[in-house]
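Colleague: I would like to go through this model with you, strand by strand. Shall we start with a single side chain and work outwards?

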Amino acid sequence: MKKTVSGFIAIFVLLFLANCTAQTNFSENIKRNWMLVEFQDFSKDFMVSSKAHLNLTDQKEPGRFSANMGCNNMFGSANFNANGTVKFSEIGSTMMFCDKAMELESAFGRELPRMTNYKVNGHYLTLTNAAGKKMKFVAADWD
C-alpha cells in the first residue's frame, strides 16, 4: 500500500513540476519585442525600415502591449492563453499624421483586435484569425 501511495505522489509531483516548467517557457517565449515581417501586401523591407514592432515585454502593468508601425505609438491589453488563443482589446494610439506609415498603421490597428490565435515557433510569433489572415513577427533580440 505504501508503494502505491508513494507512486501516486511521485507522479503528481512530476506532473506538477512539468506544468510549472511549461508555464515558465510560455511566459519567456511571448514576452519579447517582436518585429513585424509579414502582413497583408506590405513588403518586408518597408516594415523593417518603418521599424514596425509589437512590444510584449513587461510593461508598467502586466497584460499590456505597445506597438509602433513607424509613426504613432499604439497601446492596449493583450491576453495570451496557454491554449494558443489571444485577445487584444482597449487599443488606443497617439494621433500624429505621417505620410508613409499611415496605411500600415491603419491596417495593423484594424486587424490586431481580430487576431484570435497565436503560435510561437522558434524566434517567430504568428497571429491568426478565423478567416486565415495572419501577422508574422520575428523576435527583435534574435541575430
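Colleague: Is S77 buried or exposed?
Modeller: Bear in mind that this is a predicted model. S77 lies in strand β4. The cut-off for buried is under 20% relative accessible area. S77 has 15% relative accessibility, so it counts as buried.

Colleague: Which residue's side chain makes a polar contact with the side chain of S77?
Modeller: Leaving out residues up to four places away in sequence, S77 touches G63, R64, F65, K87, F88, S89 and E90. A polar contact of 2.9 Å joins the S77 side chain to that of one of them. That partner is R64.

Colleague: How many bridges join β3 to β4?
Modeller: β4 covers residues 73–80 and runs antiparallel to β3. One opposed pair is N68 and N73. The two strands also form a hairpin, with four residues between them. The number of bridges is five.

Colleague: Which residue in the turn between β3 and β4 has a positive phi?
Modeller: The turn belongs to the hairpin of β3 and β4. The phi in question is about 120 degrees. The residue is G70.

Colleague: Why is strand β3 largely enclosed by the rest of the structure?
Modeller: β3 spans residues 64–68. N68 lies in this strand, and at 13% relative accessibility N68 counts as buried. Strand β3 is largely enclosed because, of its five residues, the number buried is four.

Colleague: Which residue of β2 stands opposite N68?
Modeller: β2, residues 53–55, pairs with β3 in the antiparallel sense over three bridges. Beyond four places in sequence, N68 touches K51, A52, H53 and N73. The residue opposite N68 is H53.

Colleague: Which residue's backbone oxygen lies 3.2 Å from a polar atom of the N68 side chain?
Modeller: N68 is buried, at 13% relative accessibility. Its side chain has a polar atom 3.2 Å from a backbone oxygen. That oxygen belongs to N72.

Colleague: Where does the disulfide sit, and which cysteine partners C71?
Modeller: A search of the whole structure finds one disulfide. It links distant parts of the chain, 27 residues apart: the loop between β3 and β4, and the loop between β5 (86–93) and α3 (102–111). C71 itself is buried, with a relative accessible area of 9%. The S to S distance is 1.8 Å, and the partner of C71 is C98.

Colleague: What is the hand of the link of C71 and C98?
Modeller: Look at the rotation about the S-S bond. The angle there is 65 degrees. The link is right-handed.

Colleague: Which residue in the turn between β6 and β7 has a positive phi?
Modeller: β6 (residues 117–121) and β7 (residues 124–128) run antiparallel, joined by five bridges. They form a hairpin with two residues between them. The phi is about 65 degrees, and the residue is G122.

Colleague: What is the bridge partner of L125 in β8?
Modeller: L125 is in β7, where it is the bridge partner of V120. β7 also pairs with β8, residues 134–139, in the antiparallel sense over five bridges. In β8, the partner of L125 is F137.

Colleague: How many residues lie between β7 and β8?
Modeller: β7 and β8 form a hairpin. In the turn, G132 has a positive phi of about 90 degrees. The number of residues between the two strands is five.

Definitions and conventions:
Residues numbered from 1 in each chain as written. Predicted model: local features only at pLDDT ≥ 70, side-chain atom pairs only at ≥ 80, totals over all residues. Heavy atoms only, no water. Buried < 20%, exposed > 50% of the residue type's maximum accessible area, 1.4 Å probe, protein only. Pairing = 2+ DSSP bridges. Disulfide = S-S within 2.5 Å. Polar contact = N/O pair within 3.5 Å; in protein donor to acceptor, adjacent residues only side chain to side chain. Contact = heavy atoms within 4.5 Å.
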